[in-house]
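Q: I'd like a close look at one part of this protein, and I'm happy to have it walked through slowly. Here is the model I have open.

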Amino acid sequence: MKPSLVRTASRIGSDRAAVLVPLPVAGAYDYRVPEGMDLAPGRFVRVPLGAREVTGVVWGEPGGDIDEAKLRDIAAVLDVPPLPADLLRTVDWTAAYTMTPPGAVLRMAMSVPQALEPPRLETAYALDRSGARDGVRLTAARKRVLDFLAHGRACRAAEIARATGSGPGVVRGLVEHGLVRAVSVEPAMEIEPPDWQRRGPTLSPAQDAAARRLREAIAAEASDSVTLLDGITGSGKTEVYFEAIAAALARGRQVLVLLPEIALTVDWLRRFEDRFGAPPLHWHSEVTGSRRRETWRAVSGGRARVVVGARSALFLPFPELGLIVVDEEHDSSFKQEDGVIYNARDIAIVRARDASCPIVLASATPTLETVVNVRRGRYQRISLPERFGGTALPEIAAIDMRQQTMAPQTWLSPRLREAVARTLDAGEQALLFLNRRGYAPLTLCRGCGHRIECPQCSAWLVDHRLARKLQCHHCGFSTPPPGACPECAAEDAFVACGPGVERLSEEAAETFPGARLALMSSDALRSASAAEALIEGIRRHDYDIVIGTQLVAKGHNFPELTLVGVVDADLGLDGGDLRAAERSFQVLHQVAGRAGRAARPGHALIQTYNPDHPVMAALVAGDRDGFLASEARARESHAMPPFGRLAGIVVSGRSEPQVDAACRALARAAPRGGEVTVLGPAPAPLALIRGRHRRRFLVKAPLGLRVQPAIERWLRQVPTGRGVRVHVDIDPYTFL
């Protein structure tokens, strides 16, 4: 087995060092290195900053020619492992690419300040080999404890009790007799290492061939190896990249797996533990503070071998990173839209390059960007064109809603109702998909037509009937439903317009009164444990009909679910977003793929008022590649991504005149006549969010041009004034 490759950075060779602090500052500050202090890039230090002292990271040699008299001393070096050199490079690259201060990016790598503080020591017990056993009565319990501690490692009382079945009194007695001694140790969570030698399930020939190619990339340690694992829904992509994980573990390397909606991936976690005999460590927003601290230290110390997490896990300090997997690489939740604006899939590719390790992008509906990179030869592709076990893909049919006779205030067509009834009669499960949370997207007065809007955003309040509130999905503002119209004072005059999943659930309960219903949306699932309980309940067939938003499309495997019904499939097709059709195809293809994943065949019915739309036609024909080719031609004809570059500039502030004045100044200074084209300003589709007025510019450039320097020169010319913020979004995914 090849030894681990721990990357070490060179020492600082002068009496000065550049230190980056996790604040939105432009770069590192120079400090004096006290005599005898041994420093290298990546070391955590305490430094004075103004009137306070902060923790920063040694970034390298000094970058400026500052007068010696103005330099201040580094106060202390922290006793924690340094940030790996490859992570420092990724932070620098991310800051430059996203046009974000490096300190703001570093803050994501230092997201758990408690992990850098000295831990409170705990009491553990070790064998005292100098103690004499003569005259000490060794009961069976005492012998078990002594035998357990014979390996030499100090263990906590709880660990000794679990291993030997002996109570704390037995340990205390051995301490009193001098056979065991108490020692102080740093608290550390117990981590059961994944067993890479454990035998996995038998792979199909196609899976085995795909796994072999990934193992070869691991063995070659190909630093530029980006592989698209392109498999249809149910083809067994997960088991294939599990083999790559085993290969990386066999070489003594750490593994990072990025998943969208990590709290909902119960099936993935169960399969991982079945394969490797131990769970991976988790990293996402619902992990408790103490657990995050322990996980960060376990990653930094190399004890955590596999971490599964959300996008922020990219900035964990892996010292021996040997493989990154981005599952469902197409998922839009990998794009962070606030703070540091970045796409985790793209930064993962950079992190893998900097760490000289392979990366696997897995999806049944890869993004057009990824497909084009395969075509250009930048990425490799491994295809899994058939479902595992020989099951067939679900048959997909469109229901033309223009030809359906619908009762007022109903959204399930007669044809879909009949299909659900047949499914329930056969003892199978059905899924009704509507990508809209709440009860209704709009509440208006039937007397005067007044619509209830958010006071802080350009958006209507969504009716959440189960929670008895009206809520804005952009800023979180909520209020109880009013008893009277604030415009005309009419009482009980408000009516809900349009369906959300809560209203769809109400209709399903009335239509199928004996069916057991499950509602799966982010409003209904308040915690990871609630999500786990619901998903396991669906797998056990505790529910007959599942009603859900796009959360139901996140890779779940429900063996008895054979029918998917899509309500309002046209919902995501409009809005002026260049990726609207692509995203609609992805989510509808993924949700249809939940049907028929076991022995029974699956069916999907898509309710649409536009059955001739390219998205609907491609879904019914099962022609994903044809759809992507058509999308590529349309984008290429307009030099849009991935055949051109885009950047979004959002100018916002609480004073609308101030924002407009700043936009006029920016428009006058905008680049003209070169390869860069600036469009705007124009009010954003959501012109008001959280009380801030918003205007947008759109920057277009040829594919080979680095657009960041041009934007930086442009924005530097125009001071926007206090109260006005300018956000830059390189490669925007949304245009709201």
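How many residues line the second largest pocket, and which of them lie nearest its centre?

A: Bear in mind as we go that this is a predicted model. The lining of the second largest pocket is made up of 34 residues. If you want to centre your view, pick Y97, D346, N373, R378 and Y379, as these lie nearest the middle of the pocket. The space inside comes to about 960 Å³.

Now for where that lining comes from. Four elements put in at least two residues each: the helices α1 (85-98), α10 (344-354) and α11 (368-375), plus the strand β28 (644-653). Of the elements, α10 has the largest share, with six residues. As for chemistry, the lining splits into 16 nonpolar, seven polar and eleven charged residues.

Some of those names come up again when you turn to the enclosed spaces. The model has five cavities of 30 Å³ or more, and the largest cavity holds about 90 Å³. Its lining includes Y97 and D346, two residues that are also among those nearest the centre of the second largest pocket. The others around the largest cavity are W93, T98, K335, I341, Y342, N343, I347, I730, D731 and Y733. Here α1, β14 (342-343) and α10 each give two or more residues. This time α1 gives the most, with three residues. By class, the largest cavity is lined by seven nonpolar, two polar and three charged residues.

While you have the model open, one charged residue elsewhere deserves a click. D570 sits in the loop that runs between β26 (561-566) and α15 (580-592). This aspartate is buried, yet it has no salt bridge. R402 is the nearest side chain of opposite charge, and it is 8.5 Å away, whereas a salt bridge needs the two groups within 4 Å. What the D570 side chain does have is a polar contact of 2.5 Å with the side chain of T608.

One last stop is A75, in the loop between β4 (52-60) and β5 (76-77). A75 has a relative accessible area of 42%, so it counts as partly exposed. To place A75 against the preceding strand, look at T55: the two are 20 residues apart along the chain, and their C-alpha atoms are separated by 9.8 Å.

Methods:
Residues numbered from 1 in each chain as written. Predicted model: local features only at pLDDT ≥ 70, side-chain atom pairs only at ≥ 80, totals over all residues. Heavy atoms only, no water. 1 Å grid on protein atoms, 1.4 Å probe; cavity = no way out; pocket = protein on both sides within 12 Å on 5 of 7 lines; lining within 4 Å. Points joined across faces, edges and corners; volume = space filled by probe spheres on them. Nonpolar A, V, L, I, M, F, W, Y, C, P; charged D, E, K, R; others polar. Buried < 20%, exposed > 50% of the residue type's maximum accessible area, 1.4 Å probe, protein only. Lys, Arg positive; Asp, Glu negative; His and termini not counted. Polar contact = N/O pair within 3.5 Å; in protein donor to acceptor, adjacent residues only side chain to side chain.
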